[in-house]
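Colleague: Before the terms in this description are accepted, I should like to hear the grounds for each of them.

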Amino acid sequence: SRAIPEPVVQAFRLLPKDVDPMRALQLAATMLGAFDPDAADNSRAANLRKAARLTSELATAICAHHRVRLGKEPVPPSPELGHAANFLFMLAGERPPAVNARALDASLILYAEHELNASTFTTRVISSTLSDMHSAVAGGIGAIKGPLHGGAGEAVMRTLQEIGRIENVDSFVELALTTKRRLMGFGHRVYRAGDPRAAVLRGLAEEACRLSGQGIWFEMAVKLHARVNRAKGLIPNVDFYSAPLFYALG
């Protein structure tokens, strides 16, 4: 179910190169609905088929758009690889190390278990009108596009890049606290004593950063975590250690 219709790739080629990838993803979800043979069928059997196709196709679409905007040709999906490994393969054009595929697989599971977040809530509202699955998912992508939801991990990585060096962490945090700057990736409305997903991602990030020769990002994240926790008592959430993890995975 991984192959996407050629018109979707053609649409990517028509987009500006600097378009937000989330906007391209939302476009892909809508277009895939136009080509899905079960698009208008909301029976349970049809929805199971659509869910399997959409999960597979969106991974292909993300990687195709990424490569198109870099001026490269999309990499066809491999029938021999699992979902996470295939994503990394289509993104980079080469088979990923098993440890990288395992790390991405685990992180996808952790994000899937986030229950009723803003984007999931959005899809449920749309579904409650008896709209179709592709429309609901396209709406959910619109919700996750916001910096307070899906953009949090990217904001964490930009923070680490802004800090630049481990020895700059203390002065950065002091200035952030003085200016009341919001630090992304910290705090959670439910997990007050610590986000269990963050603990798993921390171990995955350490391994991925070390293997890719980018240990600096993990070490900086650990020091930032400790410094913010000591000053404000805030704990990292799922988006904090996913930043250096995803960066190390490319």
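The exchange below takes up burial, contacts, cores and a surface patch.

Modeller: This is a predicted model, in which local features need pLDDT of at least 70, side-chain atom pairs count only at pLDDT 80 or more, and totals for chains, interfaces and linings use all residues. Residues are numbered from 1 along each chain as its sequence is written, and side-chain values use heavy atoms, with hydrogens and water left out.

Colleague: Why is Arg 53 called buried?

Modeller: Buried means under 20% relative accessible area, exposed over 50%, and partly exposed in between (1.4 Å probe, protein chains only). Arg 53 has 17% relative accessibility and therefore counts as buried. Not counting residues up to four places away in sequence, Arg 53 touches Ser 1, Asp 36, Pro 37 and Asp 38, where contact means heavy atoms within 4.5 Å.

Colleague: Why does Phe 121 count as partly exposed?

Modeller: The relative accessibility of Phe 121 is 49%, so this residue counts as partly exposed. Together with Leu 116 and Val 125, Phe 121 makes a nonpolar surface patch of about 290 Å². Such patches join nonpolar side chains (Val, Leu, Ile, Met, Phe, Trp, Tyr) within 5 Å, from residues with over 30% relative accessible area and no salt bridge, that is, no side-chain nitrogen of Lys or Arg within 4 Å of a carboxyl oxygen of Asp or Glu.

Colleague: What makes a set of residues a nonpolar core?

Modeller: The members are buried Ala, Val, Leu, Ile, Met, Phe, Trp, Tyr and Cys residues joined through side-chain atoms within 4.5 Å. The largest such core has 45 residues, and Phe 87 is among those touching the most other members.

Methods
Patch = residues over 30% accessible without salt bridge, like charges linked within 9 Å, V, L, I, M, F, W, Y side chains within 5 Å. Areas by Shrake-Rupley, 256 points an atom, 1.4 Å probe, with all protein chains shown as cover.
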